[in-house]
Structure formats: structure tokens, C-alpha cells
Amino acid sequence: MSRAQLTRTGILRMALGGGADPLLPAEGGGGRRAPFLLRALRIAVVVCLYWFTSIAMVFLNKYLLDSPSLRLDAPLFVTFFQCALTAALCLGLSLGAACGPPCSGLPALRLDPKVSRSVLPLSAVFIGMVTSNNLCLKHVGVAFYNVGRSLTTVFNVLLSYLLLKQTTSLYALLACGVIIGGFWLGVDQEGAEGTLSWTGIFFGILASLCVSLNAIYTKKVLPVVDGSIWRLTFYNNINACVLFFPLMMLLGEFRTLYHFDKLGSPSFWGVMTLGGVFGFAIGYVTGLQIKFTSPLTHNVSGTAKACAQTVLAVIYFEETKSFLWWTSNLMVLGGSFAYTWVKGLEMRKVQEDPNVKSSERNETGV
């Protein structure tokens with residue numbers, strides 16, 4: 001899900017590492033826990049908010065990128081606008097910090113060219129991630145979108161070994177094998193139904209690779225911004241806006257916009273703004289879900305959300321899918337759930353082992 005991935009990665013890192021997020025509500029004082037029904041209701045509301053925001057963001061982006069009624073062939077411009085809006089929202093929240101809660105804990109944001117240059121390598125990966133995510137969504141249906149980008153977990157394992165020299169357990173590797181099998185079965189079934197887009201598949205694989213690289217580079221670059229995910233989000237999106245300009249010129253998107261008949265339409269800009277707000281908000285509601293449940297439960301919820309998103313897309317677009325097509329989705333979702341469960345058990349075991357060093361616990365958590 002595009003530019004929100006950086007914010008989600010940072011919030012997940014803070015959740016695993018114990019850091020606080022200034023936008024998230026503080027825990028109740030005095031060590032007293034809320035009544036069970038109140039806690040259950042709160043969790044249900046947060047999970048529903050996460051599902052609604054995430055699914056709405058995907059459908060809005062699909063409309064902007066590939067709507068027959070809109071007919072806007074400028075995916076980089078759509079991504080550029082959303083990055084610019086994200087940077088503006090970060091700056092607005094920072095300026096609002098002077099007004100007190102709920103933004104009083106946010107760091108002050110100012111543009112430092114030296115910091116911007118240090119963040120630039122991550123920004124290049126970030127551009128690849130958000131652009132390939134949107135291009136994948138443009139060329140494949142919303143129903144297949146989850147399968148098209150399902151290799152992120154596989155690339156996480158591969159890059160962790162190649163770049164970080166971290167090994168993966170046999171059970172986690174078996175879960176990755178199920179994901180790969182589901183991916184190829186899904187590609188085969190899309191081809192059998194005549195809806196396969198190799199361009200979409202290419203960008204889906206590229207998006208999966210960039211999401212994994214983004215997580216690794218985020219960890220390396222965070223010290224440059226004093227560990228603040230909000231500063232990193234701000235600098236990353238500012239850099240992305242600058243880098244998108246030559247890309248849009250190279251691909252002729254300014255010419256496309258000049259001839260776009262709805263460029264002056266308030267409804268068009270309303271949908272563009274709404275898509276950007278949802279893209280920014282997904283990072284916040286992800287943090288809420290992790291805070292009120294756990295990182296493991298969040299991943300399980302994300303897997304269930306992907307299943308619901310697929311079913312909703314098939315119903316909304318009135319599509320008919322074969323048994324094997326649904327099997328491919330279940331394999332991807334089941335493999336993702338199994339991998340999350342295995343890594344959660346491994347992380348808990350490491351955290352509870354007194355002989356494991358603190359640095360090793362952090363590595364496992366990340």
C-alpha cells in the first residue's frame with residue numbers, strides 16, 4: 001500500500017522496540033486495566049478503522065489510476081500528489097504541536113539539506129516502492145492485487161540472509177514456499193481467465209522487493225533523523241516530490257495533464273485529496289492496532305483484511321473466479337499467516353530467553 005509503508009514500518013519498529021509514538025494515546029495510569037467489555041469494544045473499533053482505511057485507500061487509488069470514467073494516465077502524478085500531501089500533513093501536525101494535545105509530542109520539522117541528502121538513498125528505494133505499488137494496482141484488478149504483491153515475505157527472508165546474514169527457520173521457509181506456490185498458481189489462473197497482465201506482475205514483484213529494501217534502509221537511516229519516524233516520513237516525501245519531477249517530464253505526464261479534461265474539476269481534486277489523506281492515515285491506524293493488540297495480531301488482522309478486500313473486489317466488480325484462483329489466494333493468505341505465526345513464536349522464545357543479548361532480541365524483532 002504505497003507511501004504509507006514507510007510510516008507502518010517505523011511504527012511497527014517502535015512497537016517491537018518499545019518506543020512511543022507521540023500521536024498514539026497514552027496507556028491508562030495507575031496500572032489499572034479497563035473492563036473487559038470496554039477493552040474488547042476498543043479493539044473492535046480500532047480493527048474496523050484499520051480495515052476501513054486500508055481497503056478504502058486501495059479502491060480510491062484504483063479509481064485514480066485505472067478508472068474508465070476518469071481516463072487519467074498519469075500514475076506518477078497521482079503518487080507525487082499523495083507524497084506532497086503527506087509531507088504537508090506532517091508539517092501541519094508539527095506546527096500544531098504548539099497547540100498542545102494530541103500533537104504536543106511531535107518533533108519540530110524544518111528542512112535541513114544535509115539531512116535530506118543523507119535520506120536520499122532511502123528516498124530512491126521509497127520512490128521505487130510507491131511507484132511500483134501504484135503501477136501494479138493500475139495493471140491488475142483489486143481482487144488480484146494482494147497476490148500480485150505477495151512475495152514481500154519471501155524477499156524479506158532472502159534479503160535478511162544476503163544483506164544481514166540472518167538465517168530463517170525451516171518452518172518459516174516452508175511458509176514462504178506456500179506463498180510462492182500460491183503466487184504462481186494465481187498467475188496461472190489469471191492467464192487462464194484472460195486477465196493476466198505481465199506488466200502488473202512485473203511491478204508487483206518489484207514492489208515486493210522495494211518494500212523489503214525499504215524496511216532495511218529505514219533501519220539504517222533512522223539515526224540520521226534521531227530515530228523519529230515522523231521526521232523520516234517528512235524528509236522522504238519531500239525528496240520524493242523533487243525526484244518525481246524529472247520522471248514525470250521524462251514520461252510525458254505534464255503533457256497528459258495539460259490535455260486532461262477534468263483537471264479543473266473540484267470532484268477530481270476531492271478524490272485525490274481523500275486518497276492522500278487515507279494514505280497518510282493508514283500509518284496512524286496501523287499504530288493504533290498494534291498498540292491495542294500486538295504486532296502478531298496486527299499481521300493476522302492484515303491477512304484477514306486482505307481476504308475481505310479480495311472478496312469485496314470480486315463482488316464490487318462483478319467478477320467470476322475459478323476454484324483454483326480462490327485456492328491461490330488461500331495459499332498466499334495461509335502462507336502469510338503461517339509465517340507470521342512462526343516468527344511470532346520465535347520472537348517470543350528469544351525475548352524470554354535470559355541468555356540472549358538485548359541486541360539479538362532487537363534484531364529478531366525487526
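The following questions and answers concern a predicted model and the packing of two of its helices. Local features need pLDDT of at least 70 and side-chain atom pairs count only at pLDDT 80 or more, while totals for chains, interfaces and linings use all residues. Residues are numbered from 1 along each chain as its sequence is written, and side-chain values use heavy atoms, with hydrogens and water left out.

Student: How many helices and strands does the chain have?

Tutor: Helices (H or I, at least four residues) and strands (E, at least two) are DSSP runs, numbered from the N terminus. By that assignment the chain has zero strands and 14 helices.

Student: Why is H3 oblique to H4?

Tutor: The axes, lines fitted to C-alpha atoms over the stretch in contact, give angles from 0 to 180 degrees between N-to-C directions. Those of helix H3 (residues 75-96) and helix H4 (residues 113-139) come within 10 Å and cross at roughly 130 degrees. Angles under 35 degrees count as roughly parallel, over 145 as roughly antiparallel and 65 to 115 as roughly perpendicular, the rest being oblique. The crossing angle therefore makes H3 relative to H4 oblique.

Student: Which residues in H4 do Pro 75, Leu 76, Thr 79, Gln 82 and Cys 83 in H3 meet?

Tutor: Contact means heavy atoms within 4.5 Å. With that cut-off, the H3 residues meet, in H4, Phe 126, Val 130, Thr 131, Asn 134, Leu 135 and Lys 138.

Student: What percentage of the 366 residues of the chain count as buried?

Tutor: Buried means under 20% relative accessible area, exposed over 50% and partly exposed in between, with a 1.4 Å probe and protein chains only. Of the 366 residues, the buried share is 48%.
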